[in-house]
Amino acid sequence: MNDVDVSKQIQQMVRFIRQEAEEKANEITVSAEEEFNIEKLQLVEAEKRKIRQEYERKEKQVEIRKKIEYSMQLNASRIKVLQAQDDVVNSMKETASKDLLHVSHHNLLHIHNHHVYKKLLKDLIVQSLMRLKEPAVLLRCRKDDLNLIQSIIPSAKLEYAEKENVHEPEIIVDEQVYLPPAPTHHHDHGPFCSGGVVLASRDGKIVCENTLDARLDVVFRKKLPEIRKSLFGQVAA
């Protein structure tokens, strides 16, 4: 083989190697592009998922806030309604409390009320004695009611003794400490008593508060569900 043939053969080998290298390079390029596209697609999908998740999270937060705001508004409305109902009920009680003053009002122009209150005081004393069942009791009343109380004590003691079949009890009227007077426009916020009596055992361990105000409180608490149902159509919880 001469030099020319050797040269041709070398050139052929070079072309073959170059062609093979180029084909290999093309394969590598194509493979790299495919991997790049796959990775890019995966990154894009991952970012889309993140965006969707973030959107869903914020959407849930918005829904939760809406529910919380609605619940707060609903509770505020309920509180306003309950407050308005309480105002109506308290107004009724205040009116009833003022009406008690007409029962215990001392005035010769109200003879009927005077007799009614006198009998009421007697009944309250008898009832208190029946609750205490003590042979001797201490009685407190308003200073304005003192004369009236002293005039009915004998009949109250007798009635109690006959009902309970016992000896007449000793009733000591406290003329040192009186119940507060009736409320006035000048003393609306101080202690007051619309009438009635408070009886206690001699040692003070047992007390029976039978004032008109205490009786009103008891009746009002007992009848409150009925009052609410009558006024508002439902019994408040």
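In this predicted model, a good place to start is Asn 165, which is found in the loop between H3 and E2. The phi of Asn 165 is near 55°, a positive value in a residue other than glycine. Most residues other than glycine have a negative phi. A second case is Lys 133, whose phi is also positive, at about 55°, although Lys 133 is not a glycine. Lys 133 sits in the loop between helix H2, residues 111–132, and E1.

Both loops lead to strands, and the sheet is the natural next stop. It is an open sheet of 4 strands, arranged in the order E2-E1-E3-E4, with mixed pairing. E2 and strand E4 (207–211) stand at the edges and have a single partner strand each, so one side of each is left without a neighbour in the sheet. On average, and with direction ignored, neighbouring strands of this sheet are turned by 25° against each other.

The pairings can be followed across the sheet from E2. Strand E1, residues 136–140, and strand E2, residues 170–173, run parallel and are joined by 4 bridges. Within this pair, Leu 139 has Val 173 of E2 as its bridge partner. On to the next pair: E1 and strand E3, residues 196–201, are antiparallel and share 4 bridges. Here Leu 138 is matched with Ala 200 in E3 as its bridge partner. The pairing of E3 with E4 is antiparallel and spans 5 bridges. In this case the bridge partner of Leu 199 is Cys 208 in E4.

Helices accompany the sheet. H3 packs on the sheet and touches E1, E2 and E3, while its direction makes about 175° with that of E2. Helix H3 covers residues 146–164 and, together with E1 and E2, makes a right-handed β-α-β unit. H4, for its part, lies across E3 and E4 and runs at about 90° to E4.

H4 also takes part in a helix-helix contact. Helix H1, residues 3–103, and helix H4, residues 212–232, pack with their axes 10 Å apart and at an angle of about 140°. Angles over 145 degrees would count as roughly antiparallel, and H1 and H4 are therefore oblique to each other. Their crossing is right-handed. On the H1 side, the contact is made by Gln 85, Asp 86, Val 88, Val 89, Met 92, Lys 93, Ala 96, Ser 97 and Leu 100. H4 contributes Leu 212, Asp 213, Leu 216, Asp 217, Phe 220, Leu 224, Ile 227, Arg 228, Leu 231 and Phe 232. Sorted by class, the contact of H1 with H4 has 12 nonpolar, 2 polar and 5 charged residues.

Taken together, H4 packs with H1 and also lies across E3 and E4, whereas H3 touches E1, E2 and E3.

Definitions and conventions:
Residues numbered from 1 in each chain as written. Predicted model: local features only at pLDDT ≥ 70, side-chain atom pairs only at ≥ 80, totals over all residues. Heavy atoms only, no water. Axes fitted to C-alpha atoms, helices over the stretch in contact; angles between N-to-C directions. Helix = DSSP H or I, 4+ residues; strand = E, 2+ residues; numbered from the N terminus. Parallel < 35°, antiparallel > 145°, perpendicular 65-115°, else oblique. Left-handed = near helix turned anticlockwise from the far one by under 90°. Contact = heavy atoms within 4.5 Å. Nonpolar A, V, L, I, M, F, W, Y, C, P; charged D, E, K, R; others polar. Pairing = 2+ DSSP bridges. Right-handed = clockwise from strand over helix to strand, strands pointing away.
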